[in-house]
Amino acid sequence: MPRRFVDLSIYLENDVVSDPPAFAPRIEYFDHQNSFGQMAPFFPGLQQQDLPDGEVWAVEMVQLSTHNGTHLDAPYHFHSTMDKALGEKKRSWTIDEVPLEWCFQPGVKLDFRHFDDGYVVSAADVQAELQRIGHSLKPLEIVVVNTRAGSRYGQPDYVSSGCGMGYEATMYLLEQGVRLTGTDAWSWDAPFIHTARKYAATGDAGLIWEGHKAGRDIGYCHLEKLHNLEALPPTGFFISCFPHKIRGASAGWTRAVAIFDDALQETPDGA
């Protein structure tokens, strides 16, 4: 049976809402005509018309955050230390230190599209969804959550859309041996606009970034700004999401892909 691939990644592109304006990527395109000024200094006396069809190269200059586009967050993004709850508090791993085996494992999709924007998912919600799909979590499975934000990508309300994973929901997954998770929303946590209202009403700073901060207790990674999760069944696929190797960084871009392959399912360790 041939392998089937489902692209789970968004584009890196200009003029599409994928981040707050101050954090948006910026891409400058040089095509085969306007890039001559880049090549000419290498070859004194060269005229553009001397080249075949007068064409030079195509090059793009990109200004990015490591958190633009579909990316994998390292434990270092969440806190300076990790694994406190495991009795061995240690320095958090940066993206170049994340174990590669975390990044290619069987996937599990939890469908939370019915939750309101800003809703904070609980451990009970996760357990109920796992019961609904008839799945028991196994160590190192990659768990992705399908929120309403996936349908709002590129729209003005994308960054404020979707539910978020709370501390107890995240810890429930980590305590089952999960070490890599993901969401199609801008953040693993509830959108800041909703959390800000709760913080203003309560003064409780523990509400801020609570899902991320679970990494203090058990180190883990998560994917953000996934896409096309509605195309996935609850189980029966692998996810590949190896990050770009940026030394000492808090995240790395990835081309996240779901892979359907009977042969992979028959391999005990998923190798």
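Me: Which residues of α3 meet which residues of α4?
Reply: In this predicted model, A123, A124, V126, Q127 and L130 of α3 meet E168, A169, Y172 and L173 of α4.

Me: What is the make-up of that contact by class?
Reply: The contact of α3 with α4 has seven nonpolar residues, one polar and one charged.

Me: And at what angle do the two helices pack?
Reply: Helix α3 (residues 123-133) and helix α4 (residues 167-175) pack at about 50 degrees, and their axes are 7 Å apart. The angle makes α3 oblique to α4, because values between 35 and 65 degrees fall outside the ranges for roughly parallel and roughly perpendicular.

Me: Turning to the sheet, what is the strand order?
Reply: The order is β1-β15-β13-β7-β9-β11-β12-β4-β14, in an open sheet of nine strands with mixed pairing.

Me: Which strands are at the edges?
Reply: The edge strands are β1 (4-7) and β14 (251-253), each of which pairs on one side only.

Me: How are neighbouring strands turned against each other?
Reply: On average, neighbouring strands of this sheet are turned by 30 degrees, with direction ignored.

Me: What does β12 pair with, and in which sense?
Reply: Strand β4 (residues 71-73) pairs with β12 in the antiparallel sense over three bridges. Strand β11 (residues 180-183) runs parallel to β12 and is joined to it by three bridges.

Me: Which residues stand opposite L223 and H222 there?
Reply: L72 stands opposite L223, and T181 stands opposite H222.

Me: Which way do the β12 side chains point, and are they buried or exposed?
Reply: In β12 (residues 221-224), C221 and L223 point one way, whereas H222 and E224 point the other way. All of them are buried.

Me: Back to β7 for a moment: in which sense does it pair with β9?
Reply: Strand β7 (residues 104-111) pairs with β9 (residues 142-146) in the parallel sense, over five bridges. The bridge partner of K109 in β9 is V144.

Me: New topic: how many aromatic pairs are there?
Reply: The structure holds eight aromatic pairs. In one of them, W93 and W102 have ring centres 5.5 Å apart and planes at 55 degrees, so the pair is tilted.

Me: Are W93 and W102 buried or exposed?
Reply: W93 counts as partly exposed, at 23% relative accessibility. W102 has 9% relative accessibility and therefore counts as buried.

Me: Which residues form an aromatic cluster?
Reply: F112, F115 and Y119 form one aromatic cluster.

Methods:
Residues numbered from 1 in each chain as written. Predicted model: local features only at pLDDT ≥ 70, side-chain atom pairs only at ≥ 80, totals over all residues. Heavy atoms only, no water. Pairing = 2+ DSSP bridges. Helix = DSSP H or I, 4+ residues; strand = E, 2+ residues; numbered from the N terminus. Axes fitted to C-alpha atoms, helices over the stretch in contact; angles between N-to-C directions. Parallel < 35°, antiparallel > 145°, perpendicular 65-115°, else oblique. Contact = heavy atoms within 4.5 Å. Nonpolar A, V, L, I, M, F, W, Y, C, P; charged D, E, K, R; others polar. Phe/Tyr/Trp six-rings, centres within 6.5 Å; stacked < 30°, edge-to-face > 60°. Buried < 20%, exposed > 50% of the residue type's maximum accessible area, 1.4 Å probe, protein only.
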